[in-house]
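Me: Could you take a close look at one part of this model with me, the largest pocket and the strands around it? I would enjoy a connected walk through it, with some of the surroundings as well.

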Amino acid sequence: MFDVKEMLSAFVKDKKRLAGVLVLTVMFVAAMIAVNIVSVKEITVKDVCLWADTETTAVYKTKQSKISEFFKENNIIVNEGDRVDMSENQALTDGCEIVLARGTKITIETAKESTDIFTTEPTVEAALLQAGIAVGELDEITPSRDSRIVPDSVINIAKIEVLEICENQEIPFKTVSQKDSSMTVGKMKTINEGVNGVKEVYYTVTLKDGYQIGKEYKGESVITEPVTKTVAVGTKAVAREYNISPVATQASSGTLLTSRGESYRYKAVYTMKATAYDTLPSSNGGSSRTATGIQLKPGVVAVDPRVIPLGSRVYVESVDGGGNWSYGYAIAGDTGGAIKGNRIDLCFSTTAEARRFGVRQATVYVLE
């Protein structure tokens with residue numbers, strides 16, 4: 001007879017053994033499925049170099065889950081300045097695409113500093129934008145913004161600024177003379193003082209790295225008008241008749257303001273008969289030099305040395321204060337047989353000029 005108790009005990013043992021086998025089988029199958037899932041990942045890598053205009057594509061199979069481990073497994077080197085479009089901790093999935101953009105070093109130079117950066121961009125402008133370097137529309141960039149990047153490029157940036165400025169400037173007053181017949185020749189009197197005016201002048205100033213390289217006038221506006229200075233000038237001639245003695249011909253000293261706007265100090269003034277001669281040797285005894293040995297030329301006059309010493313500086317003009325004519329500044333450097341007493345002979349370049357002058361009344365100032 002069978003022992004029922006033993007049979008039940010054996011059945012329980014067999015049932016436990018069967019359950020253990022089933023658990024192990026399930027675990028083995030799950031592990032195999034997991035291994036199969038990891039092993040089928042297919043990854044595409046695009047290796048792009050924009051500045052060199054190159055691109056290669058490769059497909060890899062990997063069991064790795066991290067990009068860093070994947071690169072190491074496939075000997076894909078990422079250099080300084082290269083950019084990967086996935087983060088290091090991002091999980092790899094089957095069929096994903098990785099873009100690896102290759103970078104190169106360039107140098108940015110400004111007036112203040114020189115900086116090395118890496119860029120993956122193909123043009124100068126794009127590289128500056130990628131680096132976060134702000135440039136203005138007027139800034140000068142060398143090479144030009146659309147130039148292609150090459151390794152170790154040096155990009156110079158000059159900052160250009162255009163400023164509107166305003167300057168206050170003086171307006172010089174003018175001086176006008178006013179003839180006064182109540183005062184003798186050579187006398188002057190200020191009727192009213194001149195005052196400078198003020199104006200605002202507008203400019204556009206261009207600066208390059210802080211230094212001015214251009215300034216363009218834009219306009220102006222008068223703030224204060226200048227006040228003209230008015231000077232009364234005596235025109236009353238001092239008529240004198242001269243014998244030969246120069247002592248009798250001396251006049252008071254003073255300051256001469258000429259019709260040309262020149263100012264001279266004088267020590268004597270005479271009213272004389274003025275004639276003219278030319279520089280031709282045939283008109284001067286066969287010589288082109290004066291009695292004192294200097295070259296005959298306009299600005300040399302012949303005088304009576306007993307009235308005006310030779311070598312004196314003189315100023316000759318019409319008796320109305322230069323209103324009619326003015327010979328101007330001259331040197332008393334010549335004499336003449338007919339030049340006696342109150343006579344003066346003025347040298348001109350040509351015979352025609354001398355003839356046109358003829359004979360006239362003149363005021364002669366002997367200058368200090």
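**The largest pocket and its surroundings**

Reply: Happy to. Please keep in mind that this is a predicted model, and that everything below is computed from it.

Let me set the scene with the whole chain. The protein chain has 368 residues, of which 32% are buried. Its secondary structure amounts to four helices and 21 strands. If you take the contacts between residues at least 6 apart in sequence, 64% of them join residues at least 24 apart.

Now to the pocket you asked about. The largest pocket holds about 170 Å³ of space. Its lining is made up of 18 residues, and those nearest the centre are S177, K179, V233, S259 and G321. Three elements give two or more residues to this lining: β10 (175-184), β14 (229-236) and β15 (254-257). By residue type, the lining comprises 10 polar, five nonpolar and three charged residues.

From the pocket, β15 is a good strand to follow. β15 runs antiparallel to β16 (residues 263-278), and four bridges join the two. One pair to look for is G254, whose bridge partner in β16 is Y266. β15 and β16 form a hairpin with five residues between the strands, and there G261 takes a positive phi near 90°.

Continuing past β16, you come to the loop between β16 and β17 (300-302), where T290 is found. T290 has a relative accessibility of 8%, so this residue counts as buried, the cut-off being under 20%. Setting aside neighbours within four places in sequence, T290 is in contact with Q295, L296, V300, G333 and D334.

Another residue worth a visit is V316, in strand β18 (residues 313-318). Its relative accessible area is 0%, so V316 is buried. Once residues up to four places away in sequence are left out, V316 touches W325, S326, Y327 and G328, then I344 and L346, and finally A362, T363 and V364. V316 can also be placed relative to Y270: the two residues are 46 apart in sequence, while their C-alpha atoms lie 9.7 Å apart in space.

Next comes a separate sheet. β9, β12 and β13 make an open sheet of three strands in the order β9-β12-β13, with antiparallel pairing. β9 (160-171) and β13 (211-224) are the edge strands; each has a single partner, so one side of each has no neighbour in the sheet. From one strand to the next, the twist averages 20°. Between β12 (residues 197-208) and β13 there are 11 bridges, and these two strands run antiparallel. Among the bridged pairs is K208 with Y211, the latter in β13.

One last stop is S153, in the loop between β7 (140-142) and β8 (154-158). With a relative accessible area of 11%, S153 is buried. Not counting residues up to four places away in sequence, S153 touches K105, I106 and T107.

To retrace the route in the viewer, you could start at S177, K179, V233, S259 and G321, nearest the centre of the pocket. From there, step to G254 and its bridge partner Y266, and then turn to G261 with its positive phi. Finish, if you like, at the edge strands β9 and β13.

Technical notes: Residues are numbered from 1 along each chain as its sequence is written. This is a predicted model: local features need pLDDT of at least 70, side-chain atom pairs count only at pLDDT 80 or more; totals for chains, interfaces and linings use all residues. Side-chain values use heavy atoms; hydrogens and water are left out. Two strands pair if DSSP finds at least two bridges between them. Axes are lines fitted to C-alpha atoms, for helices over the stretch in contact, and angles run from 0 to 180 degrees between N-to-C directions. On a 1 Å grid over the protein atoms alone, a cavity is a set of points where a 1.4 Å probe fits but cannot get out, and a pocket is an open set with protein on both sides within 12 Å along at least five of seven lines; lining residues have an atom within 4 Å of a point. Grid points are joined across faces, edges and corners, and a volume is the space filled by probe spheres set on the points. Ala, Val, Leu, Ile, Met, Phe, Trp, Tyr, Cys and Pro count as nonpolar, Asp, Glu, Lys and Arg as charged, and the others, Gly among them, as polar. Buried means under 20% relative accessible area, exposed over 50%, partly exposed in between (1.4 Å probe, protein chains only). Contact means heavy atoms within 4.5 Å.
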